[in-house]
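Notebook open, coffee poured. Today I am looking up which side chains pair up and how one helix sits in its surroundings.

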Amino acid sequence: MTSGIHHITLITRSVQANVDFYAGFLGLRLVKRTGGYEDATQLHLLYGDTSATPGSLITFLVWEDGSLGRVGYGQPSEIALAIAPDAIGFWLTRALQHNIAVTGPAQEFGETVLRLKDPDGVIVKLVGTSGVTGTAPWTVRGIAAADAIRRIRGATVLTEQPQATCAFLETYFGFHAGERTNTIVRMVSDTGDCVDVRDASGFWSSAPGTGTVDHIAFRSPDITHVQETYDRLIRDGSDATAMHDRKYFHSIYVREPGGTLFEMATDGPGMLVDEPLETLGTQLFIPPHFAEEAGNLKVMLPQFGLPGEERFLYRELPFVHRVYTPEHTDGLTLVLLHGSDGNETTLLPLAANAAPHATLIGLRGRSNEEGIGRWFRRFGPLSFDQQDVRSEAEALAAFIEGAAEAYRLDLERTVFLGYSNGANMLVATILLHPGLVRNAILLRAMNVLEETPQADLSDAKILMVNGDHDLFGAKTPDLEALLRRAGADLTVQRVHAGHETGQHDIDAVRQWIEANLPRTA
């Protein structure tokens with residue numbers, strides 16, 4: 001029976017740093033890049049050996065700038081990668097050369113171990129071992145085949161129920177107990193992979209988030225075996241999920257008694273089902289059930305560069321932001337401010353459809369009310385925290401000035417587009433910091449300032465797109481009059497809509513941009 005680890009999935013908050021570490025420093029091959037199968041707005045990266053062999057796969061869910069998790073019981077705490085015993089010295093030297101903190105060498109279960117931390121703080125062990133062998137290690141410049149990472153060696157699971165966790169691994173996944181210490185039982189598969197079950201009684205509980213291991217997937221030869229295992233799990237009272245078709249494998253999920261999420265995945269059809277071996281990992285795939293939204297989703301997924309490729313260098317600025325660069329640019333930049341319950345990716349599809357050759361910068365508001373992302377605090381539907389509005393407008397002005405310098409933005413060819421709460425934030429910034437925003441598009445906007453300053457907006461071009469049955473539409477005439485009195489070059493377009501956006505907004509934005517900021521490249 002096929003047994004052992006199929007892949008291990010973790011969560012990262014910075015895709016570029018992740019790629020630089022796993023593909024750059026560790027020298028693994030990026031074998032697949034896809035949108036998530038549950039949430040296609042989430043990038044999923046898979047690293048492995050030359051052929052993307054099950055047992056070599058380390059995968060990452062990308063929660064760009066996401067919340068940090070907490071390592072604790074009910075979760076894996078570290079992963080282990082196998083290298084040749086003689087390669088320990090090479091990796092120790094390489095870590096020092098790349099300024100990566102390393103501890104060891106140390107002896108664990110008779111094997112020499114180096115411990116590193118990836119950019120998210122996950123412990124990655126490099127284990128010099130002959131216990132497992134790799135069939136197709138990937139080699140890159142600076143890493144010889146003899147030193148390359150061979151495959152997964154194993155993982156460590158923290159549990160308050162070590163005996164139950166060990167029994168679960170033995171009963172359903174084909175592992176058996178091997179060596180042990182006072183706190184760890186090493187569970188070993190027929191192929192030599194290991195799961196170190198560590199007694200974490202008295203430790204704190206885990207919390208999901210970036211910098212944690214999401215789950216461990218174990219190998220299965222075929223769908224029939226997965227189904228049989230599922231039937232046994234359900235019969236024995238476990239809350240396993242039904243079969244999932246992940247295109248590259250079929251799988252089920254279940255939590256073991258200690259709380260760690262396990263998956264059982266088939267070896268086939270494998271990562272070569274939609275890409276040839278020679279170009280494996282070079283194309284971004286969207287799961288088939290999201291095919292109709294593929295164009296929009298590709299704009300929302302974070303971009304990155306492999307080692308040696310060009311990449312966008314992000315700078316520390318007052319707001320979390322996402323930059324999307326199209327294949328061919330026309331020198332135009334759109335800065336996007338989402339509405340309530342949005343984030344930095346929400347308006348990217350709308351903007352990309354309206355201005356397909358523009359560079360897009362999506363911002364994330366810093367206010368949060370009951371889990372809903374916003375730009376400033378409010379006391380009620382039409383009552384806003386004036387001090388917070390002004391403070392966040394000042395921060396947005398600082399972002400604009402910082403981005404103009406760091407990213408070399410031409411503010412004459414930069415359009416600031418806000419929707420709803422984001423448009424209101426933009427209005428406040430325009431009025432409180434005149435002269436900074438030269439081009440603005442306001443979708444379903446209103447003025448949230450109780451005391452409006454005298455502002456000279458004679459150098460500003462502004463488009464307002466109002467819904468003819470918008471619930472907040474009664475507030476738009478006052479804003480129109482205010483902007484005209486301030487001298488703005490104002491265009492107002494009414495569309496047959498409520499507060500929601502749609503194709504009418506895309507058309508209005510495209511036409512206004514073409515009329516006011518013609519393409520130059």
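**Entry 1: helix 10, the buried side.** I started by listing the buried residues of helix 10, and got Asp505, Ile506, Ala508, Val509, Trp512 and Ile513. Do they sit on the same side, and if so, what arc do they cover around the axis? The arc is only 165°, so these residues share one side of helix 10. I jotted down the textbook reason for such a pattern: an α-helix has 3.6 residues a turn, so residues three or four places apart point the same way. Note to self: this is a predicted model.

**Entry 2: helix 10, the other side and the cover.** I then turned to the other side of helix 10, where Glu514 and Ala515 are exposed. What covers the buried residues of helix 10? My list includes helix 6 (348-354) and several strands. Among those strands I wrote down strand 19 (333-337), strand 25 (414-419) and strand 26 (439-443). Strand 27 (461-467) and strand 28 (489-495) are on the list too.

**Entry 3: helix 10, its span.** Helix 10 runs over residues 503-516, which is 14 residues. I checked the distance from its first C-alpha to its last and found 20 Å, close to the 20 Å expected at 1.5 Å a residue.

**Entry 4: salt bridges.** How many salt bridges does the structure hold? I get 24. I picked out a few of them to look at one by one.

Glu108 and Arg115 came up with their side chains 2.2 Å apart, N to O. Buried or partly exposed, I asked of each partner. Glu108 has 19% relative accessibility and counts as buried, because the cut-off is under 20%. Arg115 is partly exposed at 24%.

Next I looked at Arg219, which forms a salt bridge with Asp267, with the closest N and O atoms 2.7 Å apart. Where in the fold do the two partners lie? Arg219 is in strand 13 (residues 212-220) and Asp267 is in strand 16 (residues 261-269), so the pair ties together parts 48 residues apart in sequence. I also noted that Arg219 is buried, at 16% relative accessibility.

Then I checked Asp385 and Arg377, whose side chains meet in a salt bridge at 3.0 Å, N to O. Asp385 is buried at 11% relative accessible area, while Arg377 is partly exposed at 44%.

Last item on the page: which residues are joined into one network by salt bridges that share partners? I wrote down Lys32, Lys247, Asp274 and Glu275.

Conventions
Residues are numbered from 1 along each chain as its sequence is written. This is a predicted model: local features need pLDDT of at least 70, side-chain atom pairs count only at pLDDT 80 or more; totals for chains, interfaces and linings use all residues. Side-chain values use heavy atoms; hydrogens and water are left out. A salt bridge is a side-chain nitrogen of Lys or Arg within 4 Å of a carboxyl oxygen of Asp or Glu. Buried means under 20% relative accessible area, exposed over 50%, partly exposed in between (1.4 Å probe, protein chains only). Helices (H or I, at least four residues) and strands (E, at least two) are DSSP runs, numbered from the N terminus. The expected span of a helix is 1.5 Å times one less than its number of residues. The arc is that of the directions from the helix axis to the C-beta atoms. Contact means heavy atoms within 4.5 Å.
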